[in-house]
Amino acid sequence: MRHTATYRPRLGGRALSDAQAADLAVDCTSMVDGFATLGPRHLRARQARRRQEQALAGLIIDVRTTPEADSTGSALEAVAWHRDLDGNLLDPRTAAVELLNIIRPTVAIAWFATFAAHALHRWPQHRDLLRADTAGSYAEAFAHEVRRFYPFAPFVAGLTAQDLTWHGEHLPKDALVLLDLYGQNHDPALWEDPYRFDPRRFAGPEGPQDPLDNLIPQGGGDPARGHRCPGEDITVTALAVIATELARLDYDVPDQDLGIPLSRVPTLPRSGFELHLR
Ligand code: HEM
């Protein structure tokens, strides 16, 4: 998506130079793009991670030595001043890793934003529904449907911690188990007509007709007790706002290749999604 605007880049209330902001954006994009692959994309992701861990460690030191009022309440501030069980501040490198664990997945929402633009282009009837949605409930339903319909992480993997039997299947300790996120999000036993893009499955006066429990684009189970993504609410809120803004913008979509290859992880339309503001 191409969009130009004048803004002063900030991180946790601190001004970043344009170059710092651009490096952070490019590096986070490389990290998300290379999270599930070997080869050059993976190598770029590793280099980007190293570069940003170093840069953010410097920022953590900066926050500790020259506190600024605007940073209060930010993730940067929370991580910089977090104390471990012995009452010690985290060493700057560890703090940088933790901070990056918040910034990097937030950048990943851009993938869903691109899919939201794709959906609005393919099924433009949702534009008016989003524009008319003052309560935000349709926008939230739209965000859920984007996360269900479009592929991001195809599966999550884990090793069994002990011998166990699950649904009659014996699994020895240390067996590799995959949870098929894309498969479950398109399982016809759980979703009526799963390849139809329809946010109304998550809307309606009586709540969603398709239970949110079945929706696992960011992992399954309870985030408080397992590894399900704790950033789901942030993702849904950001995506709902972005989708509504996209629906309000006037733009043209030039000819491009909007096919989405399922063999790429994480995937995107082949041409990205280019739009020209009117
Ligand atoms: C495009 C948006 C996102 C997607 C597709 C996504 C997906 C995922 C997935 C698949 C997992 C692993 C779940 C599992 O192993 O069962 C995960 C874990 C995690 N996510 Fe997200 N996520 C997104 C956004 C976010 C955001 C915005 C944040 C925080 C600001 C976040 C923070 C985390 C953290 C900290 C974990 C590790 C949880 C743990 O291991 O206990 N994610 N995410």
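Begin with helix H4, which gives the most to the lining of the largest pocket, with 8 residues. The model on screen is predicted.

**The largest pocket**

With H4 (92–122) selected, display the pocket itself, which has a volume of about 1,600 Å³. Its lining counts 46 residues, and those closest to its centre are Val156, Gln218, Gly219, His227 and Cys229. Next, colour the elements that each supply at least two residues of this lining: helices H1 (18–33), H2 (40–65), H4 and H8, together with strands E3 (155–159), E4 (164–166) and E6 (176–180). Coloured by class, the lining residues of the pocket divide into 26 nonpolar, 15 polar and 5 charged.

**The ligand**

Now show the ligand, which sits in this largest pocket. Select the shell around the ligand: 18 residues surround it, and Pro105, Gln218, His227, Cys229 and Thr235 are the closest. Which helix gives the most to this shell? It is H4 again, with 6 residues. Helix H8 (232–248), like H4, supplies at least two residues of the shell. The classes here are 10 nonpolar, 7 polar and 1 charged.

**The iron atom and two side chains**

Zoom in on the iron atom of the ligand. Which protein residue is its single donor? The donor is Cys229, through SG, at 2.3 Å. Trace the chain on either side of Cys229 and you are in the loop between helix H7 (181–185) and H8. Cys229 is also among the residues closest to the pocket centre.

Stay with the ligand and select His227. A polar side-chain atom of His227 lies 2.7 Å from an oxygen atom of the ligand. Then select Gln218, where an N or O atom of the side chain is 3.5 Å from a nitrogen atom of the ligand. Both His227 and Gln218 belong to the residues closest to the ligand, and both are also listed among those closest to the centre of the pocket.

**The cavity**

Hide the ligand and look for enclosed space. Rolling a probe the size of a water molecule over the atoms shows where empty space is left. How many cavities of 30 Å³ or more does a search of the whole structure find? The search finds 1, and its volume is about 50 Å³.

To see the walls of the cavity, select Phe112, Arg147, Arg148, Tyr150, Pro151, Phe152, Ala153, Leu181, Tyr182, Asn185 and Pro217. Helix H6 (137–149) and helix H7 each supply at least two residues of this lining, and H7 gives the most, with 3. By class, the cavity lining has 8 nonpolar, 1 polar and 2 charged residues.

**Two backbone stops**

The last stops concern backbone geometry. Most residues other than glycine have a negative phi, and most peptide bonds are trans.

Select His167 first. Is its phi positive or negative? The phi of His167 is positive, about 50°, although this residue is not a glycine. His167 lies in the loop between E4 and strand E5 (169–171). E4 was coloured earlier as one of the elements supplying at least two residues of the pocket lining.

Finish at Val265 and Pro266. Is the peptide bond between them cis or trans? The bond from Val265 to Pro266 is cis, with omega near -10°. Pro266 is found in the loop between strand E7 (251–252) and strand E8 (276–277).

How values were computed:
Residues are numbered from 1 along each chain as its sequence is written. This is a predicted model: local features need pLDDT of at least 70, side-chain atom pairs count only at pLDDT 80 or more; totals for chains, interfaces and linings use all residues. Side-chain values use heavy atoms; hydrogens and water are left out. A residue is near a molecule or strand if one of its heavy atoms lies within 4 Å of it. A polar contact is a pair of N or O atoms within 3.5 Å; within protein, one must be able to donate a hydrogen and the other to accept it, and residues adjacent in sequence count only if both atoms are side-chain atoms. On a 1 Å grid over the protein atoms alone, a cavity is a set of points where a 1.4 Å probe fits but cannot get out, and a pocket is an open set with protein on both sides within 12 Å along at least five of seven lines; lining residues have an atom within 4 Å of a point. A molecule sits in a cavity or pocket if more than half of its atoms lie within 2 Å of its grid points. Helices (H or I, at least four residues) and strands (E, at least two) are DSSP runs, numbered from the N terminus. Ala, Val, Leu, Ile, Met, Phe, Trp, Tyr, Cys and Pro count as nonpolar, Asp, Glu, Lys and Arg as charged, and the others, Gly among them, as polar. Donors are N, O and S atoms within 2.8 Å of the metal (3.2 Å for Na, K and Ca); water is not among the atoms, so sites may look incomplete. Grid points are joined across faces, edges and corners, and a volume is the space filled by probe spheres set on the points.
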